Amino acid sequence: MQIALSVRNLTKKFGDFTAVNDISLDVEDGKFFSILGPSGCGKTTLLRMIAGFYEQTGGHIELRGKDMTNIEPNKRPVNLVFQHLALFPMMNVYENIAFGLRRRGEKSAAIDKKVNDLLERVGLPEAGKKTIDQLSGGQRQRIAIARCLVLEPTVLLLDEPLGALDAKLREHMKIELKKLQTQVGTTFVYITHDQSEAMVMSDGVAVMNAGKFEQVGTPQELYHHPSSSFVAQFVGSNNKLHVTLHKGESSAFSARYSNGKEFSLTGTYDLEDGDAWDLFIRPESVIINPKESSASFNLLQGEVKAILFDGGNSRLLVTPEGSTDELVVALPQTKQFDDIQVKDKIRIGWDSSKSVCFKRADWKIYDDE
Amino acid sequence: MKRRPSFSRSVFFTTIFFLSLPLFVLVLYSFNESKSGSWTGFSVRWYVKLFTGSPQLWHAFGNSAIVALSSALVATVIGTLGAVAVNWYKFRLRKYLRTITFLPMILPEIIIGVSLLIFFAGIGLRLSLFTVFVAHVSFNLPFVFLLVLARLEEFDISIIEAARDLGASETQTLLRVILPISMPGIVSGFLTAVTLSLEDFVITFFVTGPGATTLPLYVYSAIRFGVSPVINALSVVMILGTVVLTWSTRNFLKYIAAK
């Protein structure tokens with residue numbers, strides 16, 4: 001597989017602040033690749049460097065093997081779908097899409113064919129004559145993407161283009177975008193702070209934090225095998241329990257919870273005295289009233305604090321005995337647990353292979369402005 | 001039905017009265033047969049005199065037209081490019097540039113007039129129609145600059161980046177994207193500049209030289225020897241001109257907006 005985009009040791013400094021710190025990345029041709037991170041992690045800076053709007057402080061960007069250093073944005077084979085789309089308000093839909101082709105000096109017959117083909121492909125064959133403010137949010141989205149795709153870029157960059165849409169439309173557009181990408185086969189590099197967007201659409205995801213990549217992998221790898229505390233907290237929802245780790249007699253590791261309970265663990269850990277650890281367990285990995293009782297299965301007694309009904313995404317808040325933590329536990333809507341009431345005492349448990357521990361680190365994973 | 005508030009109504013009519021009545025009297029007296037204040041009968045003799053027997057007036061009008069159009073044109077070009085630069089590029093002096101550009105708008109005209117006079121004298125420039133032109137460019141500039149800048153700031157700056165991203169050079173971005181979206185600001189800036197330049201008296205008074213009398217200066221000197229009804233007739237012609245110009249500008253701007 002050919003590499004469409006290759007980033008080598010890329011760094012960007014603004015004065016003393018390092019926005020992007022020594023990042024390397026390869027994106028294969030035809031992939032949908034996402035860069036996922038909280039706001040301020042440097043992902044937009046990275047994208048703007050690829051597009052050519054910022055000059056890197058160090059490192060290289062290559063597109064199909066060609067070094068992009070000192071190449072103006074208008075000469076790069078990448079196009080950017082802007083966060084607020086940036087459609088030209090004084091031009092109609094047709095002219096917006098034709099803009100790039102006209103700058104290349106293509107013949108008007110060729111332009112006509114390409115624009116109409118693309119309008120067809122994004123499902124708006126009749127929209128050419130419309131002005132931008134006659135379009136709905138979702139339609140503008142498609143025109144903004146069409147305006148870039150018509151130029152057949154090596155890589156299409158997308159800067160959180162779904163951010164401004166309302167929730168339902170966003171769900172819809174996620175699927176649309178994924179389908180469109182599969183259909184046209186262009187390499188997409190998608191920037192987002194929404195882990196669900198990144199996971200649903202992407203073949204590969206890089207989780208970015210404080211100017212660096214924490215982990216690069218498929219959505220499944222990130223979700224099931226996070227490599228850092230940050231990824232465990234940022235990708236999907238996760239319960240975090242404060243624990244201390246130690247090595248047992250049979251050289252297996254175990255974790256002691258604040259209420260004195262011992263949890264068995266799989267995997268090996270590099271222990272140092274005085275380190276605080278966090279144990280992560282996903283809500284859907286916690287089983288309500290489990291039947292298992294093997295040594296590798298961890299059990300807890302607890303009280304139901306609240307039932308958070310949300311259809312297929314319903315959860316229980318459970319406070320373990322002797323603790324004030326609240327564990328989020330998935331509540332399957334299979335009728336089996338319909339009799340659970342608030343303040344009920346229940347048993348919960350998980351298989352030790354489902355949990356993972358990291359040294360304690362508190363990351364700001366969302367904006368609470 | 002809602003009772004109309006009588007206070008605001010009376011303010012409204014008083015304002016209209018004081019604003020419009022003088023104009024009405026002016027129009028009326030431009031058709032007065034006699035030269036003195038009393039009405040002696042309808043006549044167009046002052047209009048005839050205006051168009052056939054007032055070479056000095058037309059010379060002054062010509063000067064005004066030259067200065068107004070040329071200074072407005074130059075101010076529009078510089079002001080537009082300045083506004084684009086301030087809106088587009090991030091540079092250190094950006095904030096100060098905005099404030100400095102405001103200055104001529106808030107400074108009393110007499111100060112600008114005096115300072116320009118001292119400046120011209122200092123660099124040894126002889127006072128002429130050219131110095132009037134330079135002065136007019138300098139006080140027209142901020143109006144164009146601010147009108148164009150206000151227009152540009154309505155738009156998401158990223159459309160400029162989008163143009164670059166889609167393959168436009170800086171020049172093409174300027175011609176194809178920035179100028180078209182600024183056009184309403186540019187047109188109203190130009191017209192404002194023409195108007196300000198046509199009517200300016202104070203600054204022009206300081207910087208004008210021999211033979212470079214503009215229309216407001218001519219009218220002022222003519223009126224010192226008593227109000228000539230020719231001036232009334234001239235005023236009526238100018239009112240008509242203004243109405244036509246305003247009306248066509250509005251339609252032109254509507255036409256641009258609809259395009």
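Me: What makes β2 and β5 of chain A the edge strands of their open sheet?

Reply: In this predicted model, chain A has an open sheet of 4 strands in the order β2-β1-β4-β5, with antiparallel pairing. β2 (17-28) and β5 (66-67) each pair on one side only, and they are therefore the edge strands, where a pair requires at least two bridges between the strands.

Me: How do you know that β4 and β5 of chain A pair?

Reply: Strand β4 (residues 58-63) of chain A is joined to β5(A) by 2 bridges in the antiparallel sense. A pair needs at least two bridges, so the count of 2 meets the cut-off. Within this pairing, A:E62 stands opposite A:D67 of β5(A).

Me: Why are β6 and strand β7 of chain A said to be joined, and in which sense do they run?

Reply: Between β6(A) and strand β7 (residues 155-159) of chain A there are 4 bridges, set against a requirement of at least two, and the strands therefore count as paired. They run parallel, and A:N79 stands opposite A:L156 in β7(A).

Me: Which way do A:V78, A:N79, A:L80 and A:V81 point from β6(A), and are they buried or exposed?

Reply: A:V78 and A:L80 point one way from β6(A), whereas A:N79 and A:V81 point the other way. In a regular strand the side chains alternate between the two faces of the sheet. All four of these residues are buried, so each has 20 or more other C-beta atoms within 10 Å of its own.

Me: What does β6(A) supply to the side of chain A that touches chain B?

Reply: β6 (78-81) and α2 (93-103) of chain A each supply at least two residues to that side, and α2(A) gives the most, with 3 residues. The contact as a whole takes 18 residues from chain A and 15 residues from chain B. By class, the side belonging to chain A has 11 nonpolar, 4 polar and 3 charged residues.

Me: What makes A:R360 partly exposed?

Reply: A:R360 has 13 other C-beta atoms within 10 Å. A residue is buried at 20 or more such neighbours and exposed at 12 or fewer, and 13 falls in between, so A:R360 is called partly exposed. A:R360 lies in the segment after β20 (356-359) of chain A.

Me: Which residues is A:R360 in contact with, leaving aside its neighbours within four places in sequence?

Reply: A:R360 is in contact with A:A276, A:W277 and A:D278, and each of these contacts therefore has its two C-beta atoms within 7 Å. A:W277 also takes part in strand pairing, as its bridge partner in β20(A) is A:K359. A:E171, by comparison, is 189 residues from A:R360 in sequence and 34 Å away in space, C-alpha to C-alpha.

Me: How do you know that β14(A) and β20(A) are paired?

Reply: They are joined by 4 bridges and run antiparallel, and since a pair needs at least two bridges, the two strands therefore qualify. Strand β14 (residues 277-281) of chain A also pairs with strand β11 (residues 239-247) of chain A, in the antiparallel sense over 5 bridges, and A:F280 in β14(A) is the bridge partner of A:K240.

Me: What are the domains of chain A, and how far apart do their C-alpha centres lie?

Reply: Chain A is divided into domain 1 (3-233) and domain 2 (237-359), and their C-alpha centres lie 39 Å apart. The contact between them takes 5 residues from domain 1 and 7 residues from domain 2. On the side of domain 1 that touches domain 2, the residues divide into 2 nonpolar, 3 polar and no charged.

Me: Why is B:S228 not counted as buried?

Reply: B:S228 has 18 C-beta neighbours inside 10 Å, whereas a buried residue needs 20 or more and an exposed one has 12 or fewer, so B:S228 counts as partly exposed. B:S228 lies in the loop between α10 (215-223) and α11 (229-258) of chain B.

Me: How confident is the predictor in chain B, in terms of mean pLDDT?

Reply: The mean pLDDT of chain B is 88, and 97% of its residues reach 70 or more. Where pLDDT is low, the predicted coordinates should not be read in detail. The model scores ipTM 0.82 and pTM 0.80.

Terms used. Residues are numbered from 1 along each chain as its sequence is written. Chains are lettered from A and ligands numbered from 1 in the order in which they are written. This is a predicted model: local features need pLDDT of at least 70, side-chain atom pairs count only at pLDDT 80 or more; totals for chains, interfaces and linings use all residues. Ala, Val, Leu, Ile, Met, Phe, Trp, Tyr, Cys and Pro count as nonpolar, Asp, Glu, Lys and Arg as charged, and the others, Gly among them, as polar. Domain bounds come from an automatic or database domain assignment. pLDDT is the predictor's confidence in each residue, from 0 to 100.
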